[in-house]
Amino acid sequence: MRLKINCDVCEARKINEDNYKEYEEIIISTDKMMVDDRSKQILHSLPFSIRADEIKSQELNEKQSEVQNINGIYEIGPDMEVKEGTILNVNGYIKVAPHSEEVLKKFEKIGVNGIILCPQSLSGKLPMQTISLNGVIKTYPDDYTLLENKYRLDKYFPLRTKENAGYFAASCIYDVDSETDFNKLAEKNVKLHTGKLYIRKSHLEKALPLVNIEAKIIELSDECQIVDDDSCELSEATITTYGNNLFVTGDMTIKGEALSALEKLAALCVEGTVRIDKDCVDKFHEIGGTCGKLVILEGHIITDQAYASLDRQTLENHPEGIRVSDCAILNVAADVPAALIRERLTIRDVAKIRCTELQKAAISEVSSDVAMIGNSGVMSNIFGSIFGRSDDDNNVYGDVKYVNADYYEL
């Protein structure tokens, strides 16, 4: 019997040796492991195999720092209470308010994978000796009010703003309402600061004097509705929600079955990539559709799945071909002949493809941006650690018991 433990933090200092004597091998994959002298001796005496980014040795009775792990947005202000010596890890945004210098000093360590947003007066005073940053620092004027990173400016905004005030949106501002009174904003001497401004044509002349000169300006038609989505798919529901004049800020997929929805559109502008079925291309051009990049898809589409499967019958049912893209794992059944793969299958952006040795060459011919093709080898073990059981888990030790957790105590 083997035991495989996958966790973010593994607490080993309370380990009971008797609980693990029955296992032939114990594999631990963790970001951080906590040990002391006693647990080290037990771990060395048993068949433990440990893969850890950090192993920290600390006795249980020692004072421990408080650790906060945040996914998303974390705000630091001058009045917030922070325990001295706190360790902060943020995957996303840290928003720092003006006059927060003393609060920042209370953190023992700050790790950021993303963006630190702070006032200009603080940019040179950040305690960089305690900050580990994988990303960038963005600054904003001290006297500006922070808005959402992507702010939707509507007709109520001019009524809610204060006179002689500034407003900051880190990423962009969307002009979402044709009724917004920019004259009123000008009368109040309101200023806007952002990275990118999406502005309707009729508001352009009135809005530009209010915005920082560095902002990138994206002109919109007065009739369009903004679809703020990194990746969306055109459907009847899209039109029901947004109407028939769309401006999409990300990518869009248009499948063959969406042709009727495409025919209802008066206009379509996509900032990113449009992946479109070949039968829809003429209609896309007919309505004057524009995009950053156009990718024509041929055949049946399988996309955005963690685990996808293909067998011979599925391929035979689609003589127009099948395109698989943006999937983590694709399993190709052994009954699919190589000739049928070459004739009808296209694969793009798939992390791992499971197939037989006889299929391997044909799969390679029809694939691009694929990390691993096949069923064995070193890469198989790596993917096994990520997605669960590896292909050879039972070949040597028999049964395997799995534990997946954020925090695990031995």
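In helix H11 (residues 357–365) of this predicted model, the residues Gln359, Ala362 and Ile363 are buried. These three residues cover an arc of only 105° around the axis, which puts them on the same side of H11, whereas Glu357 and Glu365, on the other side of the helix, are exposed. The buried residues of H11 pack against strand E21 (322–332), helix H10 (338–344), strand E22 (345–354) and strand E23 (367–373).

Ile363 of H11 recurs in the largest nonpolar core, which holds 21 residues and in which Val324, Leu330, Leu345 and Ile363 touch the most other members. At least two residues of this core are supplied by each of strand E20 (307–310), E21, H10, E22 and H11, and the largest share, 5 residues, comes from E21. For Leu330, when neighbours within four places in sequence are left aside, the contacts comprise Ala308, Ser309, Leu310, Val324, Ile347, Val350, Lys352, Ile353 and Arg354. A second core, separate from the one described above, consists of 20 residues and includes Ile239, Ile254, Val270 and Val274.

Strand E20 presents two faces, a covered one with Ala308 and Leu310 and an uncovered one with Tyr307 and Ser309. The pairing of E20 with E21 is parallel and extends over 4 bridges, and within it Ala308 stands opposite Leu330 of E21; Ala308 is also one of the residues in contact with Leu330.

Attention turns next to the sheets. An open sheet of 4 strands, with parallel pairing, follows the order E3-E2-E1-E24. Strand E3 (48–57) and strand E24 (400–409) form its edges, each pairing on one side only, and the twist from one strand to the next averages 5°. Within this sheet, strand E2 (residues 25–35) pairs with E3 in the parallel sense over 9 bridges, and Ile26 stands opposite Phe48 in E3. Helix H1 (residues 37–45) packs on the sheet, where it touches E2 and E3, and the direction of H1 makes about 160° with that of E2.

The buried residues of H1 are Ser39, Ile42 and Leu43. Seen down the axis of H1, these residues fall within an arc of 100°, so they line one face of the helix. E2 and E3 are included in what covers the buried residues of H1, while the face turned away from the buried side carries the exposed residues Gln41 and His44.

Another open sheet of 4 strands, again with parallel pairing, has the order E4-E5-E6-E7. Strand E4 (67–76) and strand E7 (131–140) stand at its edges with a single partner strand each, so one side of each is left without a neighbour in the sheet. The twist in this sheet averages 20° from one strand to the next. Strand E6 (residues 107–119) runs parallel to E7 and is joined to it by 10 bridges, with Ile131 in E7 as the bridge partner of Ile110.

Val90 lies in strand E5 (residues 86–96) of the E4-E5-E6-E7 sheet. Its relative accessible area is 3%, and Val90 is therefore buried, the limit being under 20%. Apart from residues up to four places away in sequence, Val90 touches Ile70, Gly72, Tyr74, Gly111, Val112 and Asn113. Of these contacts, Gly72 is 18 residues from Val90 along the chain, and the C-alpha atoms of the two residues are separated by 7.2 Å.

Asp181 is placed in the loop between strand E10 (166–175) and helix H4 (182–187). The relative accessibility of Asp181 is 37%, which lies between the 20% limit for buried residues and the 50% limit for exposed ones, and Asp181 therefore counts as partly exposed. Asp181 and Ala207, which are 26 residues apart in sequence, lie 9.7 Å apart in space from C-alpha to C-alpha.

As to the confidence of the prediction, the chain averages a pLDDT of 88, and 93% of the residues score at least 70. Over residues 376–397, however, the pLDDT is below 50, although this stretch has 40 contacts in the model beyond near neighbours in sequence.

Definitions and conventions. Residues are numbered from 1 along each chain as its sequence is written. This is a predicted model: local features need pLDDT of at least 70, side-chain atom pairs count only at pLDDT 80 or more; totals for chains, interfaces and linings use all residues. Side-chain values use heavy atoms; hydrogens and water are left out. Two strands pair if DSSP finds at least two bridges between them. Axes are lines fitted to C-alpha atoms, for helices over the stretch in contact, and angles run from 0 to 180 degrees between N-to-C directions. Contact means heavy atoms within 4.5 Å. pLDDT is the predictor's confidence in each residue, from 0 to 100. Buried means under 20% relative accessible area, exposed over 50%, partly exposed in between (1.4 Å probe, protein chains only). The arc is that of the directions from the helix axis to the C-beta atoms. A nonpolar core is a set of buried Ala, Val, Leu, Ile, Met, Phe, Trp, Tyr and Cys residues joined through side-chain atoms within 4.5 Å.
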